[in-house]
Amino acid sequence: MVKKEKDVFLINTNDLSYVFHIDKTGLVIHDYFGKKIDLVDFDIKPLSLKHDFAKGTSVIYDEKIDNQLSMDHVLLEFSFPHKGDFRSTPVLLKNEKFGYVFDFKYRDFEIREAKPLEGLPTPHDANEELVVFLEDKVAQVVVELHYLVFEEANVIARNIVIVNNGELPLTVLKALSYQLDLVNKEFELTTLSGGWVSEMNQQIQDIKEGKYSIESKTGFSSARFNPFFMIKEKRANLDSGDVYSFNLIYSGNHLAEIELTHYGLLRVEAGINPFCFEYLLNKEERFETPYAVLTYSNKGINGARLNMHHFTNNHVIPSQWNGTLRPVVINNWEATAFKFKENKLVSLAKDAKKFGAELFVLDDGWFGQRNNDFAGLGDYNVNKKKLPHGLEGLSKKIHKNGMKFGLWFEPEGINPDSDCYRAHPDWAIKCVEREPSLSRHELLMDLTKIEVQDYIIGNVSSILEKANIDYVKWDMNRNVSDITFGNYLPGEFYHRYILGLYRILDTLVKKFPQVLFEGCASGGNRFDLGVLSYFPQIWTSDDTDGHERLTIQSGTYLGYPLSTVSAHVSCSPSQSMLRKTPIDTRFNLAMFGDFGYELFFSELPKLDKRRCLANIAVYKKYREIFQFGDFYELDSHSDNFKKWQVLSKDRKTSLVGHFNVLQKSNAPECHLDTKGLLDNQKYDVEVVKQEIDIREFGSLINALTPFHVNPNGWLVRLLAKFKTIPGDDYKCQVYGSVLNNSGLVIHPEWSGNGLNDKVRVMRDFGSRLYIINAHEEN
Ligand code: GLA
């Protein structure tokens with residue numbers, strides 16, 4: 001709900017309020033962003049920061065109207081440089097007459113139905129939109145501040161639009177999407193940083209006087225710093241305290257600046273990175289910045305996370321995929337890489353079906369001369385040596401096997417060794433008269449060119465039309481270098497690439513609404529709300545290791561719901577870490593999201609096959625909750641241990657994962673605790689039992705045998721075929737109030753001795769999954 005009375009604007013969602021007012025000088029002053037409040041007669045005096053005297057050396061904004069007000073010492077809804085505010089400002093403009101000096105005063109406002117941006121994704125189903133118009137009457141430039149309100153998600157999406165109404169061309173040198181000024185409260189900043197096979201690492205730092213920034217200059221949102229970040233009171237924890245979360249609905253270069261001044265004012269702003277950015281606006285042209293997403297919760301990190309999750313599911317991903325169960329995937333990449341033929345793929349699909357897979361995805365290597373990553377990108381002709389019956393033939397066989405068929409594309413990439421490049425060398429991004437730098441032996445297609453966009457749309461469409469394809473994995477495997485430019489300024493290149501990309505994605509997802517698209521960029525190098533506006537899920541990381549995924553997915557969940565997180569079980573040792581992890585842990589991690597496999601089942605040990613069958617049954621039974629339930633991280637009081645919970649909407653079913661990092665001898669007692677169960681409801685609790693291979697016990701096997709055996713010898717190998725150690729069993733009935741408040745004390749971990757059916761043998765990288773169901777009286 002948006003209300004304007006007197007000079008005060010009040011935005012309320014279910015749980016938060018956002019307040020600002022127009023000052024007598026014409027500046028827009030920010031008053032409040034936090035837990036929902038009421039105002040007496042729209043009087044903001046109790047909330048508003050006082051400026052009863054101008055601090056020494058201050059520049060006074062407009063002495064004739066208010067001889068005490070300096071822009072540097074107030075909270076502003078929009079600020080600009082060269083009029084006394086010496087902090088970072090979201091917009092920097094230039095023209096021939098006024099240089100860098102512009103002065104924006106409030107003009108008017110509009111409350112209306114939300115309108116989508118042109119060429120940029122806009123979150124859908126907003127309750128309403130507020131637009132505040134500011135104007136520099138002398139330069140004839142307008143700045144529009146947009147606020148989309150999402151009441152049930154407790155989110156405000158903001159952007160800034162710059163309109164040049166003057167005769168002189170206007171150069172936009174910086175155009176972020178918003179600024180937010182807050183009074184300091186000993187805040188902490190959490191960012192998500194990383195790289196290939198190691199995305200979304202949470203970095204937490206105290207915000208002290210100074211400036212902090214996260215950015216990407218790779219051309220894409222990137223794994224270096226995800227555009228998501230969080231600012232919380234230092235004392236806030238998982239479940240209580242003030243937490244603000246921020247994200248950007250954009251896939252290109254981004255920048256977030258967080259600046260705390262000596263005077264205790266915190267400025268937060270984010271948007272398109274001004275790095276190599278320069279846009280020219282002629283008369284009557286406008287520049288729209290991407291939407292940014294802001295949320296607040298006083299219910300700690302879990303509260304802010306739930307807001308972001310609900311918002312992304314309900315307002316970002318295409319509506320038809322919200323609540324639509326995602327299929328269990330078998331992807332051939334980690335199994336075969338480029339080495340496959342039709343019959344190998346069909347037999348992999350048949351095996352996978354026995355283990356619950358519903359969708360077979362053919363990954364890289366199906367076209368042109370793509371037998372390795374040196375050649376073929378850019379071409380779309382099927383390699384008949386590998387697939388003699390074409391994609392149509394393979395798709396038919398997969399469908400006949402009762403499965404869906406999906407296909408990998410990397411449409412933005414082009415190998416110099418490809419027919420496409422030989423025919424159109426000018427379609428690749430490269431500078432005139434220079435050799436471009438390669439990455440993974442490839443270049444990127446120049447998506448600023450309409451003919452390149454149309455080539456991609458045409459080729460992908462014709463393949464999707466011909467073969468019966470249910471799913472597309474849209475990959476992109478390099479960062480931008482050697483930027484070029486055409487009929488526009490070089491400073492427009494990065495943004496125009498993203499606009500070109502969005503035009504392609506928008507056209508394809510509208511043309512093929514039944515196709516499930518999954519984004520990918522060497523894993524999570526473009527995991528952002530821009531991509532999610534078209535594709536409802538993203539391949540989270542090329543690292544499928546059963547321990548690394550714990551970190552990667554924990555970071556990802558901070559900003560993105562489980563339905564968007566694609567996670568696969570692969571072989572052990574993992575291809576990225578050469579680390580051995582239990583099959584149950586790989587399963588328990590991949591279940592918290594869109595589950596899939598990436599391995600040869602025939603190469604799995606017998607016991608692992610049994611565990612796959614048991615676990616996939618659990619996943620399928622509770623899939624809706626794993627993909628769309630409410631997610632909580634539970635306090636484990638240790639960096640060596642994590643607890644994740646998902647909860648059904650009716651709060652009657654919940655699943656809790658416990659994940660060990662390194663085994664501790666004499667590990668502390670552990671609780672099975674929960675959030676959000678119905679206090680007065682009786683629940684049945686059980687653990688998913690895990691059998692253990694006797695060889696895991698090494699020479700301790702001798703404690704069970706009448707004579708000494710070699711733990712690595714033939715006898716133990718033979719014995720292991722018939723005998724396993726049954727895992728711990730745990731069943732009980734308990735009220736929700738116990739689980740929510742004290743938690744159940746579960747049985748101790750094995751620690752050198754005491755093996756019985758209650759003791760939990762966790763081991764390094766071990767895990768457990770607990771199922772909690774409302775008890776039904778017979
Ligand atoms: C990228 C993707 C992988 C796989 C390969 C194929 O690395 O992230 O999942 O598709 O490309 O080349």
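How many strands close into a barrel here, and in what order? Eight strands do so, and going around the barrel they follow the order S21-S22-S23-S26-S27-S28-S29-S30, with parallel pairing. From one strand to the next, the twist averages 30°. Please keep in mind as you look around that this is a predicted model.

Let us stay with the barrel for a moment. Helix H3, covering residues 342-354, packs on the sheet and touches two of the strands, S21 (329-331) and S22 (359-362). The direction of H3 makes about 150° with that of S22. Elsewhere in the barrel, strand S28 (residues 537-539) pairs with strand S29 (residues 565-570) in the parallel sense, over two bridges. To find this pairing on your screen, look for Trp-539, whose bridge partner in S29 is Ser-566.

A good helix to visit next is H6, residues 450-466. Its 17 residues reach 24 Å from the first C-alpha to the last, close to the 24 Å expected at 1.5 Å a residue. Several residues of H6 are buried: Val-452, Gln-453, Ile-456, Ile-457, Asn-459, Val-460, Ser-461, Ile-463 and Leu-464. What covers them? The cover over the buried residues of H6 includes helix H4 (390-400) and helix H7, together with strands S23 (404-409), S26 (471-474) and S27 (516-519).

Now move to strand S9, residues 155-164, where 10 of the 10 residues are buried. On one side of S9 point Val-155, Ala-157, Asn-159, Val-161 and Val-163, while Ile-156, Arg-158, Ile-160, Ile-162 and Asn-164 point the other way; all are buried. Strands of a sheet pair through backbone hydrogen bonds, either parallel or antiparallel. Strand S8 (residues 141-150) pairs with S9 in the antiparallel sense over 10 bridges, and within this pair His-146 stands opposite Asn-159. The hairpin of S8 and S9 has four residues between the strands, and in it Asn-154 takes a positive phi near 55°.

S9 has further antiparallel partners. Four bridges join S9 to strand S20 (residues 292-297), where Thr-295 is the bridge partner of Val-155. Another three bridges join S9 to strand S19 (residues 286-288), and there Phe-287 is the bridge partner of Ile-162.

What about the interior? In soluble globular proteins, nonpolar side chains tend to be buried together. The largest nonpolar core in this model has 204 residues, and those with the most contacts inside it are Phe-229, Leu-362, Trp-366 and Tyr-597. Helix H7 (residues 493-511) provides the largest share of this core, with 10 residues. A second, separate core of 21 residues includes Leu-647, Tyr-730, Ile-746 and Ala-774.

Phe-229 deserves a look of its own. Leaving aside residues up to four places away in sequence, Phe-229 touches a set of residues including Tyr-178, Leu-189, Ile-214, Tyr-244, Phe-246, Ile-258 and Val-268.

Charged side chains offer another way through the model, with a count of 52 salt bridges. One of these joins Lys-185 and Asp-242, with the closest N and O atoms 2.6 Å apart. Lys-185 sits in the loop between strand S10 (170-183) and strand S11 (187-195), and Asp-242 in the loop between strand S14 (225-233) and strand S15 (243-248), so this pair ties together parts that are 57 residues apart in sequence. Are its two members buried or exposed? Lys-185 counts as partly exposed, at 39% relative accessibility, whereas Asp-242 is buried, at 12%.

Asp-446 and Lys-449 form another salt bridge, at 3.6 Å from N to O. Here Asp-446 is buried, because its 2% relative accessibility falls under the 20% limit, and Lys-449 is partly exposed at 23%. Asp-43 and Lys-45 also meet at 3.6 Å, N to O. In that pair, Asp-43 is partly exposed at 31% relative accessibility, and Lys-45 is exposed at 58%. Finally, salt bridges that share partners join Asp-72, Asp-85, Arg-87, Asp-181 and Arg-267 into one network.

Conventions. Residues numbered from 1 in each chain as written. Predicted model: local features only at pLDDT ≥ 70, side-chain atom pairs only at ≥ 80, totals over all residues. Heavy atoms only, no water. Pairing = 2+ DSSP bridges. Axes fitted to C-alpha atoms, helices over the stretch in contact; angles between N-to-C directions. Contact = heavy atoms within 4.5 Å. Core = buried A, V, L, I, M, F, W, Y, C linked by side-chain atoms within 4.5 Å. Buried < 20%, exposed > 50% of the residue type's maximum accessible area, 1.4 Å probe, protein only. Salt bridge = Lys/Arg side-chain N within 4 Å of Asp/Glu carboxyl O. Expected span 1.5 Å × (residues − 1).
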